[in-house]
Structures are given as C-alpha cells and as structure tokens.
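Please look through the sequence and the model that follow, and then read on for a guided account of how the parts are arranged.

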Amino acid sequence: MQIVMFSKHLGPLSVPEAGKVMKKLGFQGMDLTVRPGGHVLPEQVKTALPEAVRQLKDLGLAVPMITTGLTGTEGQHAEEIMETAASLGIRNLKLGYWPYRTFGQLHGALDSARQAMDGLEALARRHDVRACIHSHSGNYLSAEAAVVYLLLKDRDPHHVGAYLDPGHMTLEGFAGGWKQGIDLLQSYLAMVAVKTFGFFPETDAQTGETRWRDKLVPLKEGIVRWREVWACLKQLGWDGVVTFHSEYQGGHSWKDLTMEELIAQTREDLAYMRPLLQEAGYTV
C-alpha cells in the first residue's frame, strides 16, 4: 500500500514545496494534479510532468497516480498526458467528471459517457496505463456505484478502473449502499480516496424548514465507517494507492483553515488512520 496526498490542497505551494510538506507529514508520495489550474498544466505535460516527478524523487517521494480532467480523447491533451505518464511509470490516472444536469436525461448522458470511455480505454491500452473513474457525490454520473459499474462493465480492468471515494459513497449510500458499491466494483478497484463528511443544519430562509448540508470534517469525526471500509478492501485482497484529500479550505469545509492549520489537521488525520489500516491487516 502506498499512502499519498492529493496535491490540490497544497495548491499555492510549488511542487517541491508541497513535496517537502508531504515528506515531513510522513506520506510516501504525491497524487499530482495534471489538469487546468493544477500543479502541471496539460499543455506543458511533456516537460513539466517529468520535471515534477524528478523533483519529488529527489525528496524520496513517489508519484503512483495523477489526477487529470480528462473526459474524452479530443482537445484535452489526452494522448500527451497518457504517453508521458507511461514513460514515467505512472499507471493510474484519475479521469474528470461527466455532469448529470437534467432529470430525465440520464440514459443519454450515459450513452455519451460510454462513447467517451471507449476512446479513453483504447488510448489507455495503447500506452499501458489505467484510466479511473472517481466516485463523486452530487450531480455527476459517477455519484452512484451502479452507474460507475455500467461505465466500466465488460472493459479490461488492466486499463480502466474505479477510484473509490468512501466519503462520497457514504453520502450517497449512508446505511449500506457504500458497501454494496465496493462489492459491485471489486473487479475494477484501483485507488481509494480518504476524506469524510458531517451534516450541518441550516434553515431555509423562504420556508423556515431545516435543511442538512454536508461539509468536510476531520476523519475521526465524520460519517465514514473506516474500520468496515478497510476490512472490506482487505477481504477483497486490495492493496493499492490511498490518497488523502485534505479539503479543509473554503465553504465546503466545516471550517476554513489556514494553510498551517490544514497541514496540522492532515497530520492528525494520518495519525488517526494508520492504526485503523494496521488493525485491518495492512502494513503501513
């Protein structure tokens, strides 16, 4: 198992600066953003990604995965990204998101996403990498594990995969849907994201009714039942890349932390999670 940190949450820092923070925290590598606004811009991937990997290697950090915005093979530098990643030994690529915008249009959106996956799978096969769909709650096609399965079904799990996010999966299936989702996608398990949520009441200004809003919270305080998650994954024999998402800035976090506070909270999250992984039988 490799435990890495998502570089998005150290976005203001350069790759070497972010790497130094991650190394000090105890991570083994970086989940590097290769997308518009990321640490590596897609149009610069041929030169910038090798340089970033070199800088991180000098710090003793691996790059076992990258996070892209790819939702197709046209106009997004998909060929350059996959080719460059492959040349650096990076097999796992997180894809971007297909939106679910309009009720009643799900079947059409699925057909379009399947066509996009046809091209992405073919390109991934050409370069021997794996294009992975991230389970993300809300108005995305990947909100439901069953829909992710429909997009992956009958494809080669060596070249496409499921990027499980138990936090988002628990939002969509709190009572037990998250567990069925892991079970359903077991043949495609690639990476696992670490984050969790809490629910906070808000009063609707127009109706006076209480509404519950989800926000990111520290790992030990959220809704994800991590002991059960790791036990399920261990039972399936999964032992891949785990990437920590420290989404503790902005309005979707329970608190808007400073960079120093975010780093401190990440340290607490990692200290909380390591014993749970060991309890499940993982060596970390």
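Two strands are taken to pair if DSSP finds at least two bridges between them, and this is the sense in which residues of neighbouring strands are said here to stand opposite each other. With that in mind, His 134 stands opposite Tyr 163 in S6, in a model that is predicted. Strand S5, which covers residues 130-134, and strand S6, which covers residues 160-164, run parallel and are joined by four bridges.

These two strands belong to a wider arrangement, in which eight strands close into a barrel with parallel pairing, following the order S1-S2-S3-S4-S5-S6-S7-S10. From one strand to the next, the twist averages 30 degrees. Strands of a sheet pair through backbone hydrogen bonds, and this pairing may be either parallel or antiparallel. Across two of the strands named in the barrel order lies a helix: H2, made of residues 45-58, lies across strand S2 (29-34) and strand S3 (62-68), and runs at about 165 degrees to S2.

Strands S8 and S9 are not named in the barrel order, and they can be followed as a pair of their own. Strand S8 (residues 197-203) and strand S9 (residues 210-216) run antiparallel, with seven bridges joining them. Among the partners across this pair, Phe 200 has Arg 213 in S9, while Pro 201 is matched with Trp 212 in S9. Together S8 and S9 form a hairpin with six residues between them, and in the turn Gly 208 has a positive phi of about 80 degrees.

Contacts between rings offer another way to follow the fold, and a search of the whole structure finds five aromatic pairs. In one of them, the rings of Phe 27 and Phe 244 have their centres 5.4 Å apart and their planes at 65 degrees, and because planes over 60 degrees apart count as edge-to-face, this pair is described in that way. Phe 27 lies in the loop between helix H1 (15-25) and S2, whereas Phe 244 lies in strand S10 (residues 241-244), so the pair ties together parts that are 217 residues apart in sequence.

Phe 244 also appears in the lining of the largest cavity, alongside Val 194, Lys 195, Leu 219, His 245, Ser 246, Tyr 248 and Asp 269. This lining divides into four nonpolar, two polar and two charged residues, and about 30 Å³ of space lies in the largest cavity.

The open spaces remain to be described, and here the largest pocket has a volume of about 180 Å³. It is lined by 15 residues, of which Lys 8, Tyr 97, His 136, His 168 and Glu 247 are the closest to its centre. The lining of the largest pocket divides into five nonpolar, five polar and five charged residues.

Methods:
Residues numbered from 1 in each chain as written. Predicted model: local features only at pLDDT ≥ 70, side-chain atom pairs only at ≥ 80, totals over all residues. Heavy atoms only, no water. 1 Å grid on protein atoms, 1.4 Å probe; cavity = no way out; pocket = protein on both sides within 12 Å on 5 of 7 lines; lining within 4 Å. Points joined across faces, edges and corners; volume = space filled by probe spheres on them. Nonpolar A, V, L, I, M, F, W, Y, C, P; charged D, E, K, R; others polar. Axes fitted to C-alpha atoms, helices over the stretch in contact; angles between N-to-C directions. Contact = heavy atoms within 4.5 Å. Phe/Tyr/Trp six-rings, centres within 6.5 Å; stacked < 30°, edge-to-face > 60°.
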